[in-house]
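Here's a quick tour of how the inside of this protein is put together. Have a look at the model first, then read on.

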Amino acid sequence: MDINSDSHDLISAVRELVFQNEEKGKRAAELVIANEELIFQNGEKGKRAAELVIANEELLFQNEEKGKRAAELVIANEELVFQNKEKGKRASELVIANAELVFQNEEKGKRASELVIANAELIFQNEEKGKRASELVIANKELVFQNKEKGKRASELVIANAELVFQNEEKGKRASELVIANEELVFQNVEKGKRASELVIANEELLYQNEEKGKRASELVIANEELVFQNEEKGKRASELVIANEELTFQNEEKEKRATELAIAYRELAFQNKEKEKRASELIVANEELIFQNEEKGKRAAELIIANEELIFQNEEKGKRAAELIIANEELAFQNEEKGKRAAELTSANKELVAFNYISSHDLQEPLRKIQNFSNLILTKEIHNLSDKGKYYFERIVSSAERMQQLIEDLLTYSRINVTERKFEKTDLNYIIEDVKIDLSEAIAEKDAIIEADKLCPASVIPFQFRQLMVNLISNAIKFSRPGIPPHIIIISKIVNGSTLNNELLLPHKKYCHLTVRDNGIGFDSRFSERIFEVFQKLHGKEEFKGTGIGLAIVKKIVDNHNGIIIATGELNVGATFDIYIPAE
């Protein structure tokens, strides 16, 4: 009865311990979640603060850009005013150039009319020159003829003087011819007409006064002298005609020069017209460029207006974000206070749990040790006084005490996981596996187990907890092996990004150490992939496999302490696989 009562008390204490451990686990999980949430909120707060700083810098930059654009707009407006002034100057230059072109066209017309008049005058002068030349030729011919006639007349006069008596009629004819010659000579020289008339008079007087022949001969000498004088006059006229020809040649040269000057003026005028056309085209291009610049300035002004509106909108958004940040900070402060309260409650619970652990480790184990000691004494010293049934009962008592001892030790291990200090170290997992192999060397040798683990990635872990994790997983793989088949355990690892795992419990921006432990044992039904991590949950009876049902719960708790997750998959009579994801750093 005492044993049953103690067992009952022990079971009650164990249940209470399990309940408190579960409560402690829940509170620890809540604290972990609260801490993670606090870290996340602090991170979000930092991000929002950084965003606010960036937004302020962006606002400052946009204000500077706005100032620059305003300055550019002012410069553009000044440039536009300057271009408008230049346009006005060019327009006035174009007006002046057009007026100058009109004036030059008028001058060109005047010069053309002058050239026409000069050409007409030159033609008239050439005609006059031709007339004078023809008159000179006629005069020369007439002079030669007159000289011949005078010679003839002199000879005739001599003959006439000799034959005057006999040929009065011939003299009359000659006198009439002389009259005709004198009439022709009137056009050239008045003196010739006078002298011709005198000669006619002399001839008439000669008819009536033969005696006066000597006088008339002398008068004929005088007439010859006068004829020489007239010849000299004709020579002078010929020289004057030569001078007139030279003057006409000079005038022709002057007209040619004027024609050359006029051609040069035409060329210059054509060049000026081309230059004016170029200036006009330049002015058109400048106007088009000015229109384009005005359009560009209009676009820039529109862009500046849009940028100002966008800046106002961004300022409003930043104001909203700042208000949201203030609210979030207040909420975060409230949550921090709540978490502080929960942390204080959890600290108190941890203290109670430490006290309970002390009771479990001393007060609960003390009667258990006495049961084991007295049972062993009876089995060793009083075994011969017991019946076979008594021996069987005592063996059951010893076995139950051993299982109770293991249960208490596992419960203590499970409870200590949450209260021990979490000191993470960068650890080579290969060393931990080698230590576990040494600790489990007897079980490994007994089952001829093969453990493959090579080039495991380093990870930031709590070394003694992670060692306990590997001990539990490997010992389970050895224990739950198939009869007659040596256990084959494969351990591999790699670094992966959280964004590639598609698991909401893992942060996408973090890197994780993915550790896989795979065996070829009896496996399990995939329906129990979550249940196997619960405390006291066993898929097999104690007659088949020894154990307390806490080993995988300890593994799950250790993974939780490392801010990671563990996923179990299995297939009956094929094997089990445990995938562990813990932060690489």
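## One helix, two sides

A residue is called buried when its relative accessible area is under 20%, and exposed when that area is over 50%. Keep in mind that this is a predicted model.

With that cut-off, α6 has L429, N430, I432, I433 and V436 as buried residues. Looking down the axis of α6, they sit within an arc of 160°, so they line one face of the helix. Over on the other side of α6, you'll find Y431 and I438 exposed. And what covers the buried residues? Among the elements doing the job for α6 are β1 (425-427), β2 (450-453), α8, β4 and β5.

## The main core, and a second one

The largest nonpolar core counts 40 residues, and F466, L469, M470, I474, I491 and F578 have the most contacts inside it. Plenty of elements chip in: two or more residues each come from α6 (429-439), β3 (459-461), α8 (463-479), β4 (488-497), β5 (511-518), α9 (551-561), β6 (565-571) and β7 (575-583). With eight residues, α8 supplies the largest share of this core.

F466 is a nice one to click on. Leaving aside residues up to four places away in sequence, F466 touches L429, I432, V461, L515, I558, H562 and I582. There is also a second, separate core of five residues, including V496, Y512, I565 and Y581.

## Aromatic pairs

How many aromatic pairs turn up in a search of the whole structure? The search finds two. In one, the rings of Y392 and Y393 have centres 6.0 Å apart and planes at 50°, so this pair is tilted. Both partners are partly exposed: Y392 has a relative accessible area of 42%, and Y393 has 45%.

The other pair is F533 with F578, whose ring centres are 6.3 Å apart and whose planes are at 75°, so it counts as edge-to-face. F533 belongs to the loop between β5 and α9 while F578 is in strand β7, so the pair ties together parts 45 residues apart in sequence. F533 is buried, at 9% relative accessible area, and F578 is buried too, at 8%.

## Cysteines

What about disulfides? A disulfide is a covalent bond between the sulfur atoms of two cysteines. With sulfur atoms required to be within 2.5 Å, the count here is zero. As for individual cysteines, C457 is buried at 10% relative accessibility, and C513 is buried at 0%.

Technical notes: Residues numbered from 1 in each chain as written. Predicted model: local features only at pLDDT ≥ 70, side-chain atom pairs only at ≥ 80, totals over all residues. Heavy atoms only, no water. Core = buried A, V, L, I, M, F, W, Y, C linked by side-chain atoms within 4.5 Å. Buried < 20%, exposed > 50% of the residue type's maximum accessible area, 1.4 Å probe, protein only. Helix = DSSP H or I, 4+ residues; strand = E, 2+ residues; numbered from the N terminus. Contact = heavy atoms within 4.5 Å. Arc of directions from axis to C-beta. Phe/Tyr/Trp six-rings, centres within 6.5 Å; stacked < 30°, edge-to-face > 60°.
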